[in-house]
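Thank you all for making time this morning. I would like to take you through one model, and I will ask you to keep the structure in view while I talk.

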Amino acid sequence: MPKIADFPWTQEQIVNLADKLPTPFHIYDEQGIRDTVRGLNAAFSWCPGYRNHFAVKATPNPYILQVLKEEGCGTDCSSIAELVLSEQMGFTGEEIMFTSNNTPLKEFQKAKQLGAIVNLDDLSHVDFLHRRDGLPEMVSFRFNPGPGRTGNVIIGDPKEAKFGCTTAQLLEGYKKCKELGVKRFGLHAMVISCCLKVDELLETARMLFGLAVKVYEELGIRIEMINLGGGIGIPYRPEEPVMDVARVGDGIRKIYAELIEAKGLAPMKIVTECGRYITGPHGFLVSRVVHRKRIYKNYVGIDACMANLMRPGMYNAYHHISIFSDDKERPDLPARDAEAADNTRDLITKEPVFDVVGGLCENNDKFAVDRRLNVEPKVGDVAVIHDTGAHGHSMGFQYNGKPRSAEYLQRPDGTVVEIRRAETLDDIFSTINVSGARAFSQGDSLVARLLALLGGSCGARVAAVR
């Protein structure tokens with residue numbers, strides 16, 4: 001896995017890309033993604049049947065899923081759209097795991113139709129599915145350890161989190177499913193996200209293996225599959241370490257021998273659902289500096305905004321930013337050597353730091369606050385935001401009418417292909433009826449309200465009046 005210093009392009013290459021492709025855009029490094037999957041698979045090669053179910057929500061793009069399918073991944077889905085995308089990309093049966101919450105019946109039905117592993121988030125789902133559509137052949141439960149474990153800012157404190165079942169609910173759920181004829185069982189937890197501490201990941205494995213033993217000893221039910229969740233982190237900051245997944249895999253192997261093999265419960269299939277770890281460090285948001293502003297702080301305005309990358313505004317998450325000088329004058333931007341206002345007397349912080357901001361009408365539309373940058377940015381320079389390959393484009397939105405950006409993939413041979421076009425204003429307006437709104441008169445509304453007071457069908461009576 002690369003560190004921030006292992007940027008896959010030279011300055012000349014990234015400046016040329018930003019000149020050829022309209023900014024902002026997300027770009028992914030295919031070879032890096034493949035190498036990371038292979039490293040993860042090697043770390044769990046001791047476990048027959050191991051598979052990483054890629055968390056589709058991280059980067060829901062068919063080209064990315066095709067690359068991952070070729071590397072042996074399955075998918076982890078949490079919505080019907082992700083199930084359908086998996087189906088369209090050729091994932092079948094238990095290559096798909098469906099873990100959702102507050103789930104409509106139609107989404108359970110789609111998962112069952114695909115033969116996916118259904119991972120129940122709540123005990124009440126057992127009776128609900130049994131009555132409405134029948135339980136699937138294999139049922140898994142999501143466990144929430146509550147005060148027994150701590151989480152982090154991304155996933156939350158387990159006892160405050162909306163996900164999963166308590167220990168008592170879990171045992172009742174397995175018992176009830178067995179009584180209703182279910183023959184195969186799985187177990188899952190996702191306690192922490194973006195973890196860089198090996199011991200914390202090993203503790204999740206110990207917790208789940210111990211729970212599988214408890215289920216067997218108390219209910220006589222053998223857990224066939226344990227999903228350890230995702231949670232393996234990436235080094236967003238330059239000083240952070242790269243996770244040693246070989247050490248993680250070896251540590252889990254030892255706990256497996258201690259708790260599963262020693263209790264006669266082997267073989268037990270182990271799977272994960274890493275998304276961020278797979279694509280996160282291999283994606284970049286490429287943008288351009290379009291404005292400089294000096295008031296109480298020094299602001300660097302770029303053409304990307306929180307609609308392209310929500311994490312800094314949502315979680316106060318750190319993403320490293322590199323500035324690449326581009327001396328080309330651009331007629332649609334201010335001159336690179338244009339004078340900026342003198343804010344010497346008003347400046348809050350005298351250090352050479354910047355707030356890197358987008359153009360949304362929201363004050364939390366900031367990619368960095370009081371950040372030292374590698375060079376002082378000038379208008380026209382290329383600004384690259386690192387580690388946006390997961391939960392970047394996928395969390396995009398259209399606030400202020402901002403079209404979502406394009407996505408590109410760099411192939412191992414260096415060619416770059418478009419894997420999602422940029423949205424246009426036509427896309428934004430495609431779901432509304434402007435001509436209908438212009439023809440919509442206040443008179444119709446007043447008549448409808450009057451008829452509503454008189455009772456009956458307003459729509460029918462308005463039509464009759466006309």
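I will go through a helix, the nonpolar cores, some strands, one buried aspartate, and then a few backbone details.

Please keep in mind throughout that this is a predicted model, and that what I say about it is computed from that model.

Let me begin with helix 7, which covers residues 167-179. With 13 residues at 1.5 Å a residue, this helix should span 18 Å, and its end C-alpha atoms are 19 Å apart, which agrees. Which residues of helix 7 are buried? They are Leu170, Leu171, Gly173, Tyr174 and Cys177. Looking down the axis of helix 7, one finds its buried residues within an arc of 160°, so they line one face of the helix. The general background is that an α-helix has 3.6 residues a turn, so residues three or four places apart point the same way. On the face of helix 7 that is turned away from the buried side, we find the exposed residues Ala168 and Glu179. As for what the buried residues of helix 7 pack against, the partners are helix 6 (124-132), strand 6 (138-142), strand 7 (184-188) and helix 8 (198-219). Just after helix 7 comes glycine 181, which takes a positive phi of about 100°.

Next, the nonpolar cores. The largest nonpolar core has 84 residues, and among these Phe209 and Ile226 touch the most other members. Helix 8 gives the most to this core, contributing 11 residues. If we set aside residues up to four places away in sequence, isoleucine 226 touches Leu187, Leu208, Phe209, Ala212, Met268, Lys269, Ile270 and Val271. There is also a second, separate core of 16 residues, which includes Ala18, Phe25, Ala406 and Tyr408.

Helix 9, residues 245-261, has a long list of buried positions, including Val245, Val248, Ile252, Ile255, Tyr256 and Leu259. The buried residues of helix 9 pack against helix 2 (30-43), helix 8, strand 9 (269-272) and helix 10 (276-279).

Let me turn to the strands, and to strand 6 in particular, which I mentioned a moment ago as a packing partner of helix 7. Five of the five residues of strand 6 are buried, so this strand is largely enclosed by the rest of the structure. Met138, Ser140 and Arg142 point one way from strand 6, while Val139 and Phe141 point the other way. Strand 5 (residues 117-120) runs parallel to strand 6 and is joined to it by three bridges, and within this pair valine 118 stands opposite valine 139.

Strand 3, residues 74-77, can be described in a similar manner: Gly74 and Asp76 point one way, Thr75 and Cys77 point the other way, and all are buried. Strand 3 pairs in the parallel sense with strand 2 (residues 51-55) over three bridges, and aspartate 76 is the bridge partner of alanine 55.

Is aspartate 326 buried or exposed? Aspartate 326 lies in the loop between strand 12 (321-324) and strand 13 (354-357), and with a relative accessible area of 6% this residue is buried. Its side chain is joined to that of arginine 288 by a polar contact of 3.0 Å. Leaving aside neighbours within four places in sequence, the residues in contact with aspartate 326 are Val15, Arg288, Arg336, Gly380, Asp381 and Val382.

I will finish with the backbone. Where are the cis peptide bonds that I would like you to look at? One runs from threonine 23 to proline 24, with omega near -5°, and proline 24 sits in the loop between helix 1 (11-20) and strand 1 (25-29). Another joins alanine 266 and proline 267, with omega about 0°, and proline 267 is placed in the loop between helix 9 and strand 9.

Two residues other than glycine deserve a look for their positive phi. Aspartate 370 has a phi of about 50°; this residue is found in strand 14 (residues 366-371) and, at 39% relative accessibility, counts as partly exposed. Histidine 391 has a phi near 60° and lies in the loop between strand 15 (382-385) and strand 16 (406-410), where, at 16% relative accessibility, histidine 391 counts as buried.

Definitions and conventions
Residues numbered from 1 in each chain as written. Predicted model: local features only at pLDDT ≥ 70, side-chain atom pairs only at ≥ 80, totals over all residues. Heavy atoms only, no water. Helix = DSSP H or I, 4+ residues; strand = E, 2+ residues; numbered from the N terminus. Expected span 1.5 Å × (residues − 1). Buried < 20%, exposed > 50% of the residue type's maximum accessible area, 1.4 Å probe, protein only. Arc of directions from axis to C-beta. Contact = heavy atoms within 4.5 Å. Core = buried A, V, L, I, M, F, W, Y, C linked by side-chain atoms within 4.5 Å. Polar contact = N/O pair within 3.5 Å; in protein donor to acceptor, adjacent residues only side chain to side chain. Pairing = 2+ DSSP bridges.
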